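Visitor: Got a minute? I'd like a quick tour of this one, with a focus on charged pairs and odd backbone spots.

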Amino acid sequence: GVTISNERPARMAILANKIVVVNAPSVNLFIDPFTARARVLSIAGPSVAPSVVAGNPGSFDGPYRFYFTYAILDPDGDILTESPASPIAGPVTLSNRQASLSNISTSSTADVNARIVYMTVAEEGAVFFEADRILNNTATTDVINSSDFDLGLLAAANPKGNPPGVDGTDRFRLIAAWKDRLFASPLNNPHLVYVSGNRAISNWAESQRFTVKIDGEDEFG
């Protein structure tokens with residue numbers, strides 16, 4: 001479903017060993033140099049929160065919140081690109097129980113091969129950690145059978161946000177890499193600059209955007 005224009009120059013930048021290609025393609029792309037495979041840069045995220053209930057006896061004890069993302073993983077299990085988060089489910093109170101999730105939607109993006117489930121620790125409603133990976137794009141349920149101590153060590157960077165160039169209605173026109181981040185401006189709003197996460201091509205949080213001067217050059221040109 002991606003087309004390449006022969007009338008628009010492709011513009012590229014390299015970040016974290018990935019070549020990002022914009023402007024010429026109808027949606028933003030990146031190329032994995034280790035496989036020479038082109039993939040979409042961004043994935044539209046889930047629109048519905050998962051359903052969560054208490055499962056069999058387990059180790060979770062307290063109020064918890066949950067969300068999930070779509071992801072494309074390489075053969076080693078590393079995340080190549082990841083969607084924004086689904087709406088948050090919860091808080092759901094678990095009393096020494098497992099977490100049983102359903103209504104985990106699948107992605108229409110062809111290369112998606114995993115969903116990643118995130119949750120808070122007990123009594124903490126704002127900080128999410130990776131809890132589980134569903135290594136397919138077909139299952140709609142999951143059971144998290146662990147404890148607070150088994151969650152990912154690092155807090156998740158979600159919500160990641162999607163930049164222009166996800167669905168063909170807009171695209172990045174200019175892009176550059178600097179200080180381990182990508183800086184890009186879209187066709188439809190060229191004065192707005194989108195900034196990626198640190199060495200993260202799929203993290204385009206709204207808090208990282210800014211508007212450039214639009215009424216002529218400043219003293220620096």
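**Charged pairs and backbone**

Guide: Sure. Keep in mind that this is a predicted model. Let's begin with R39, which makes a salt bridge to D111, with 3.2 Å between the closest N and O atoms.

Visitor: Where do R39 and D111 sit, and how many residues apart are they in sequence?

Guide: R39 is in strand β4, and D111 is in the loop between β7 and β8. The two are 72 residues apart in sequence, so the salt bridge ties those parts together.

Visitor: Is R39 buried or exposed?

Guide: R39 is buried, at 12% relative accessible area. The cut-off for buried is under 20%.

Visitor: Which other residue forms a salt bridge with D111?

Guide: R37 does. The closest N and O atoms of D111 and R37 are 2.9 Å apart. This pair also links distant parts of the chain: R37 belongs to strand β4 (residues 37-40), while D111 is in the loop between β7 (89-102) and β8 (114-119). The separation is 74 residues.

Visitor: How accessible is R37?

Guide: R37 is partly exposed, with a relative accessible area of 40%.

Visitor: How many salt bridges does the structure hold?

Guide: Four. One of them joins E130 and R133, whose closest N and O atoms are 2.6 Å apart.

Visitor: What is the accessibility of E130, and what is it for R133?

Guide: E130 comes out at 23%, which makes E130 partly exposed. R133 is partly exposed as well, at 28%.

Visitor: Which residues do shared partners join into a network?

Guide: R37, R39 and D111. Their salt bridges share partners, and that makes one network.

Visitor: Switching to the backbone. Where is there a cis peptide bond?

Guide: Between G90 and P91, with omega at about 15°. P91 is part of strand β7.

Visitor: Which residue in β7 has a positive phi without being a glycine?

Guide: N96. Its phi is about 55°, and N96 lies in strand β7. N96 counts as partly exposed, with 44% relative accessibility.

Visitor: And what about N17's phi?

Guide: N17 has a positive phi too, about 65°, and is not a glycine either. N17 is in the loop between β1 (11-15) and β2 (18-22). Its relative accessible area is 48%, which puts N17 in the partly exposed class.

Visitor: Zooming out. How many helices and strands are there?

Guide: Zero helices and 14 strands. Reading from the N terminus, each element in the run is a β.

Visitor: What box do the C-alpha atoms fill?

Guide: Roughly 60 × 40 × 30 Å, taken along the principal axes.

Visitor: What share of the residues is buried?

Guide: 43% of the 221 residues in the protein chain.

Visitor: And what share of the contacts comes from residues 24 or more positions apart?

Guide: 59%, counting contacts with a separation of 6 or more.

Visitor: What about the surface?

Guide: The accessible surface of the protein chain is about 11,300 Å². Carbon and sulfur atoms hold 50% of that.

Visitor: Last one. How many positive and negative charges are there, and how far apart are their mean positions?

Guide: There are 17 positive and 23 negative charges. Their mean positions are 5 Å apart.

How values were computed
Residues numbered from 1 in each chain as written. Predicted model: local features only at pLDDT ≥ 70, side-chain atom pairs only at ≥ 80, totals over all residues. Heavy atoms only, no water. Salt bridge = Lys/Arg side-chain N within 4 Å of Asp/Glu carboxyl O. Helix = DSSP H or I, 4+ residues; strand = E, 2+ residues; numbered from the N terminus. Buried < 20%, exposed > 50% of the residue type's maximum accessible area, 1.4 Å probe, protein only. Contact = heavy atoms within 4.5 Å. Areas by Shrake-Rupley, 256 points an atom, 1.4 Å probe, with all protein chains shown as cover. Lys, Arg positive; Asp, Glu negative; His and termini not counted. Charge placed at Lys NZ, Arg CZ, Asp CG, Glu CD.
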